[in-house]
Amino acid sequence: MNIVLLGYMGSGKSTIGQILARKLNYNFIDFDDFLQEREKMTIREIFNVKGEIYFRKLENKYLKEVLEIQPTSVISLGGGTPCYGNNMEIIKQSGHATVYIKVAVEELTARLWKARAERPLLAHQDTPEKLDEFVRKHLFERSFYYNQASIKVLVDGRSALKVAQEIKSRLF
Ligand code: S3P
């Protein structure tokens, strides 16, 4: 059984996933990196050149592949991966453990304001207020999907190490 991490951009999926994988002696896969390596393009380039719809099709295509990966792995998905097409159904039907890493919106926007340039969906939010408004609405829409995860972990200002420990203790 693999462990699949879901959550909004900036929730720390990759950092927590790497720590969790090390603790469990599992492989770690960042799905954004997996997709970028397969396509030999960065996500920013894919969005710029081909557009978001094309990117979502790629996500759907590689999702099926990544979920079948061996050996046992911790997989951190992109923030939007569970929220398009039948992706959440595919994730649930794969039978892997699913973990929603939930972060308060204030904490997300503070982190994302600094890191928005790397994220095509946020790069054009040019004031903290606009970013905050966008993230609140977006997170509200996406929560429907994230909440279908089998386990929800509230970060609540805790370190990635503490969150990884909680996930491990709740899964095993
Ligand atoms: C996206 C999140 C990103 C990346 C892409 C789109 C989204 O991943 O897949 O920029 O729609 O939320 P991270 O959650 O790892 O930033």
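Here is a short chat about two helix pairs and a ligand site in a predicted model.

Biologist: Let's start with H1 and H8. Why is H1 called oblique to H8?

Modeller: The axes of H1 (residues 13-24) and H8 (residues 160-171) cross at roughly 55°. Roughly parallel needs an angle under 35 degrees, and roughly perpendicular runs from 65 to 115. An angle of roughly 55° fits neither, so H1 counts as oblique to H8. Those axes come within 9 Å, and the crossing is right-handed.

Biologist: Which residues of H1 and H8 meet there?

Modeller: Among them are Ile 16, Ile 19 and Leu 20 from H1, and Leu 161, Val 163 and Ile 167 from H8. By class, this contact has nine nonpolar, two polar and two charged residues.

Biologist: Now H2 and H4. What makes H2 roughly perpendicular to H4?

Modeller: H2 (residues 31-39) and H4 (residues 52-67) pack at about 105°, their axes 10 Å apart. The band for roughly perpendicular is 65 to 115 degrees, and about 105° falls inside that band, so the label fits. Phe 34 and Leu 35 of H2 take part, as do Phe 55 and Leu 58 of H4, among others. The classes here are nine nonpolar, no polar and five charged.

Biologist: And the ligand: how do you know that Asp 32 makes a polar contact with it?

Modeller: A side-chain N or O atom of Asp 32 sits 2.7 Å from a ligand oxygen. The cut-off is 3.5 Å between N or O atoms, so this pair qualifies. A side-chain N or O atom of Arg 142 is also 2.7 Å from a ligand oxygen, while for Gly 80 a backbone N or O atom lies 3.1 Å from one.

How values were computed:
Residues are numbered from 1 along each chain as its sequence is written. This is a predicted model: local features need pLDDT of at least 70, side-chain atom pairs count only at pLDDT 80 or more; totals for chains, interfaces and linings use all residues. Side-chain values use heavy atoms; hydrogens and water are left out. Axes are lines fitted to C-alpha atoms, for helices over the stretch in contact, and angles run from 0 to 180 degrees between N-to-C directions. Helices (H or I, at least four residues) and strands (E, at least two) are DSSP runs, numbered from the N terminus. Angles under 35 degrees count as roughly parallel, over 145 as roughly antiparallel, 65 to 115 as roughly perpendicular and the rest as oblique. A crossing is left-handed if the near helix is turned anticlockwise from the far one by less than a right angle, and right-handed if clockwise. Contact means heavy atoms within 4.5 Å. Ala, Val, Leu, Ile, Met, Phe, Trp, Tyr, Cys and Pro count as nonpolar, Asp, Glu, Lys and Arg as charged, and the others, Gly among them, as polar. A polar contact is a pair of N or O atoms within 3.5 Å; within protein, one must be able to donate a hydrogen and the other to accept it, and residues adjacent in sequence count only if both atoms are side-chain atoms.
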